[in-house]
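Student: I am new to this structure. Please take me through it with questions and answers.

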Amino acid sequence: MISILHKALISFTIILSTTCFLSASIYCPADKTIYCHDNRHDLNLTGRPTTFGYPAVLVKYNDNTSQTNSCGVGVVSRLWYIDSNQNNVFDSGEGNCTQRITVLATYSNIVITWPDNKEYTCKEDITYDLPTWTTGSCDVLGVSVDSLVFNIAPDACYKIMRKFKVINWCTYEHNNPNSPGVWEYTQLIKVIEKSPPTIADCSPKTIGVDGDCKATFSIENMATDATECSSELLFWTVEIDLWGNGDKDYVYGHLEKGIYKLAPAKNGENVNITLPERVAVGRHKVYWSVKDQCGNIKTCTTIVETKDTKAPTPYMIPILTTAFEGSDTLVIKPKCFDRGSNDNCTQSRYLRYSFSPNVNDTCRFISCDNAGFQFFQVYVTDLAGNSDFVEVFMLAFDNGSCNTGNLSGNILSSNGEPLQGASMKLSRPTGEELMSSSLANGSFKWNHISIYQDYLVSADRPSSTDQTLDIGDLRMLQEYIIGRSTLSNYQWIAADVNGDNKINIQDLQYLKNLIIYPSKNDSRSNKWFTFYGNDTINSITEVLGLKTSIPIIASEGHLGFTAVYRGDINGANQQEQTGNNNQINTTLQYDLGEWVV
């Protein structure tokens, strides 16, 4: 059974075979105008072509939309053609015609809902919101976003400005600055934090003035923003009110210029300020203000005192002498020792002198009961209360009117043992010997003696005490004489074995005989050399300048004699190694009615 379509194709083939030179005919539907919300592929709306000699199944069309916008508004050129070879592509020679379809826009009320402005804490995640809208069926909307971040903001840690731009591609005209179909909006996002920074130190400060009674005014501080929202930068303003009179003499800050500009500091970084002028003594105020990047501010005030903290410089006469002249009591004032003490801020006439830190302790009394050496500490105090002291002493002579003094002491050998046979002598420059005592077990004591201004004290060498000499001393002297070694300090005395103030081969021979025949050859009367003090000796010539006696008035309160045994080179400086001294250390002090050493 042959179908109707099959019959039609047979007829079409017969017609083609008999009329192959005849042109087929196709007629387009009329041009149409529709709206963007219409379906242009609805042929019931746009129309169908009319053909002659071809079945409808061979009629195809292609739409050219190059003259329409993104919303399909414009002119659509529809090419109708007979797809005779059924390849679904228009080929040259195939029957065709063009239909023009005009697509018009329909305007609707577009409503856009923009994201609200928002605030976040620094601990919260910032959401990414986009605008939403309601449109008509023909509208095609697109959105672009441009975000700007501002790290410095007066009312937030930082701000984000999101600029939205929405375009309706159905109505937007790119080259028209006044084109419809475009909307813009900016969303403001703040990241806030309410905890202010912490200023490290607002406690009072003291700055000591220098010798000119002025100070270099230098101060520093530091702040931290220790919360989870800590700022990267802190902004300081520092106002300085010299003398605290309400005037802002200097202002430093991040908004100032030149030397007064303070660059933003990192969290925990010090800020340092040094005024361009030196400041005299006074009380001043420093106002600190620090702001973090979240706009939080912390302030405090520091009291700064530029103060005289330098003690006066005492210049004192180290020893004074006095005597009972028609009075049995002497009144001593501390200022009588002054030799020109001074201070950097207090004039000399306003300095106060006392015998203790108590500025009212200004008197000492000397009677016959405590005549002799008197030791004091004299304090010098300035107007700011700073003080320093020196030790002085006074020698009160009774000139025979009191007759109550006691004097005692001792002499030790270089190894610290009592020096048997030594003696202490008290005399006058006239040669009159007032007192001489041999020392039992190296000590002596004189009781109930008068103390006169011209007394001389000397320590005599021991008369019978022997000192062991050995080959080591001989070797050291020999090495020195041939130039292989040198001597130091008391060895210069010990090496002068024969006491002629020279060191030569005669001393070497003398020492050799003393070692071999100690009792036979040691007939020297000056085998011990004693002198006042403990001077350092650098050559044999300096021995001639040593004092073998000392006036009481020149003793500076300490009677000390050094004794060196001639020939004992090896042990001459033993006191430097062991801490012992070949010295007569005589220090007088009145205690419980007696002079003691």
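**Strands, pairs and a patch**

Student: Strand 26 and strand 27 pair over how many bridges?
Tutor: This is a predicted model, where local features need pLDDT of at least 70, side-chain atom pairs count only at pLDDT 80 or more, and totals for chains, interfaces and linings use all residues. Residues are numbered from 1 along each chain as its sequence is written, and side-chain values use heavy atoms, with hydrogens and water left out. Strands are DSSP runs of E, at least two residues, numbered from the N terminus, and two of them pair if DSSP finds at least two bridges between them. Strand 26 (residues 372-381) and strand 27 (residues 387-397) are antiparallel, and their bridges number ten.

Student: Which residue in strand 27 is the bridge partner of Tyr379?
Tutor: Look along strand 27, residues 387-397. The bridge partner of Tyr379 there is Phe389.

Student: Which strands stand at the edges of the open sheet, and why is one side of each left without a neighbour?
Tutor: Four strands form this open sheet, with mixed pairing, in the order 22-27-26-24. Each edge strand has a single partner strand, so one side lacks a neighbour in the sheet; the edges are strand 22 (319-323) and strand 24 (352-354).

Student: Which side chains of strand 20 point to the buried face?
Tutor: In a regular strand the side chains alternate between the two faces of the sheet. Along strand 20 (residues 282-292), Arg283, Lys285, Tyr287, Ser289 and Lys291 point to one face and are not buried (buried means under 20% relative accessible area, with a 1.4 Å probe and protein chains only). Pointing to the other face, and buried, are Gly282, His284, Val286, Trp288, Val290 and Asp292.

Student: Which residue in the turn between strand 20 and strand 21 has a positive phi?
Tutor: Ten bridges join strand 20 to strand 21 (residues 297-307), and the two run antiparallel. One bridge partner of Arg283 in strand 21 is Glu305. The two strands form a hairpin with four residues between them. The phi is about 85 degrees, and the residue is Gly295.

Student: Where in strand 20 does Phe235 find its bridge partner?
Tutor: Strand 16 (residues 233-241) and strand 20 pair in the antiparallel sense over eight bridges. The partner of Phe235 is Lys291.

Student: Is Tyr128 buried or exposed?
Tutor: Tyr128 lies in the loop between strand 8 (118-121) and strand 9 (132-134). Exposed means over 50% relative accessible area. Tyr128 has 51%, so Tyr128 counts as exposed.
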